Amino acid sequence: MTGVPASAAGGSGATPARGGKLGAAAVNQASLWNIANLLTMARLVLVPGFVVLLLHDGGYDPAWRSIAWAAFAIAMITDVFDGHLARKYNLVTDFGKIADPIADKAIMGAALICLSYLGDLPWWVTGVILFRELGITLMRFWVIRHGVIPASRGGKMKTLAQGTAVGMYVLALTGPLATLRFWVMAVAVVLTVVTGLDYVRQAVVLRRQGLRAEKAAAAEAAAEQAEAALESAKDEGRATRKAARGGSHGASHGAGAAGTAGAASEGPGDAERVSGNRGAAEAER
């Protein structure tokens, strides 16, 4: 904000209008720093810190891994709250739409890669989850002009399972808890694959529906243009016929007037000839 009230701008009425535009722009820019976006930014900042904590001292110190788990848990919690706050209080911004999914995938991807690097998690598990997440992101851009597929219950369960499983692997668990985390991760992988396939199916259906709607709209527009062209041609034809009828009527009227004038001009001559004939007859008598 400029700090100058609109009434202090002075000048003509145009000056306050410019001040109003500047004020609106300042408000829009200030809205970037809302609580939802701040939580998203904090989650992005946590990513490198989480990696350092997890890999500190070779990555096998239980104390450091517990601290890393705390950072990961904070990131997961902020992921829940920033979206909720943005929707509830109308704090949705373009920055949030882009940064929020990036932050989600950044923290999850960093955790998976670090765990596979440490040998705690098979690389194929990391590959499946990352391939699914990146593939679905590209799929969103593929169908975004046709619509948005809402988050399903399965997708939410997948996110919860992934976060729980990865969090359990970040902790240095042993015994039954180590076995439990294996099965939690197995459930997360299954949900990842199933929900990914379902998302692909929905995306294909949405794109087909969008293409059909676009074709129908194009056909309707073409039909309207053809109808308009036909009406225009009919109007031109009617105007041409009307002009032709007007010309022929004028010609016939002109011919009639000429005939009348000719008859009128011949009248005096005939009278003179009749008078001459009478004179000759009287002379003969």
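**Exercise 1. The chain as a whole**

What percentage of the 285 residues of the chain count as buried? State also what the secondary structure consists of.

*Solution.* The structure to be examined is a predicted model. Of its 285 residues, 26% count as buried. The secondary structure comes to seven helices and zero strands, and, read along the sequence, these give the pattern α-α-α-α-α-α-α. Turning to contacts between residues at least 6 apart in sequence, one finds that 75% of them join residues at least 24 apart.

**Exercise 2. Helix H4: its span and what covers it**

Determine what span the 24 residues of helix H4 should have, and compare it with the separation of the end C-alpha atoms. Then establish which residues of H4 are buried and what covers them.

*Solution.* Begin with the span: helix H4 takes in residues 94-117, and because each residue contributes 1.5 Å, its 24 residues should span 34 Å. The end C-alpha atoms are 34 Å apart, which agrees with that expectation.

Next, consider burial, for which the cut-off is under 20% relative accessible area. The buried residues of H4 are Gly96, Ala99, Ala103, Ile107, Met108, Gly109, Ala110, Ala111, Leu112, Cys114, Leu115 and Ser116. What covers these buried residues includes helix H2 (35-55), helix H3 (62-88), helix H5 (123-143) and helix H6 (153-170).

Finally, look just beyond the helix, where Gly119 takes a positive phi of about 85°.

**Exercise 3. Two helix pairs**

Describe how H2 packs with H3 and how H3 packs with H4, giving for each pair the relative direction, the handedness and the classes of residue in contact.

*Solution.* For the pair H2 and H3, the axes come within 9 Å and cross at roughly 160°. Angles over 145 degrees count as roughly antiparallel, so H2 is roughly antiparallel to H3. The crossing of H2 and H3 is left-handed, and the residues of this contact divide into 17 nonpolar, two polar and four charged.

For the pair H3 and H4, the axes are 10 Å apart and the helices pack at an angle of about 155°; H3 and H4 are therefore roughly antiparallel to each other. Their crossing is left-handed. On the H3 side, Arg65, Phe72, Ala75, Met76, Asp79 and Asp82 take part, and they meet Asp100, Asp104, Ile107, Met108, Ala111 and Leu115 in H4. By class, the contact of H3 with H4 has seven nonpolar, no polar and five charged residues. Of the H4 residues in this contact, Ile107, Met108, Ala111 and Leu115 also belong to the buried residues of that helix.

**Exercise 4. The backbone at Asp57**

Where is Asp57 found, and what is notable about its phi?

*Solution.* Asp57 is found in the loop between H2 and H3. Most residues other than glycine have a negative phi. Asp57, although it is not a glycine, has a positive phi of about 60°. With a relative accessible area of 55%, Asp57 is exposed.

**Exercise 5. Two residues of H7**

Are Trp183 and Val190 buried or exposed? Give also the C-alpha separation of Trp183 from Ala165 and of Val190 from Ala161.

*Solution.* Trp183 has its place in helix H7, as does Val190, the helix comprising residues 176-284. The cut-off for exposed is over 50%, so Trp183, with a relative accessible area of 54%, is exposed, and Val190, at 51% relative accessibility, also counts as exposed. The C-alpha atoms of Trp183 and Ala165, 18 residues apart along the chain, are separated by 8.5 Å, while those of Val190 and Ala161, 29 residues apart along the chain, are separated by 9.9 Å.

Definitions and conventions: Residues are numbered from 1 along each chain as its sequence is written. This is a predicted model: local features need pLDDT of at least 70, side-chain atom pairs count only at pLDDT 80 or more; totals for chains, interfaces and linings use all residues. Side-chain values use heavy atoms; hydrogens and water are left out. Helices (H or I, at least four residues) and strands (E, at least two) are DSSP runs, numbered from the N terminus. The expected span of a helix is 1.5 Å times one less than its number of residues. Buried means under 20% relative accessible area, exposed over 50%, partly exposed in between (1.4 Å probe, protein chains only). Contact means heavy atoms within 4.5 Å. Axes are lines fitted to C-alpha atoms, for helices over the stretch in contact, and angles run from 0 to 180 degrees between N-to-C directions. Angles under 35 degrees count as roughly parallel, over 145 as roughly antiparallel, 65 to 115 as roughly perpendicular and the rest as oblique. A crossing is left-handed if the near helix is turned anticlockwise from the far one by less than a right angle, and right-handed if clockwise. Ala, Val, Leu, Ile, Met, Phe, Trp, Tyr, Cys and Pro count as nonpolar, Asp, Glu, Lys and Arg as charged, and the others, Gly among them, as polar.
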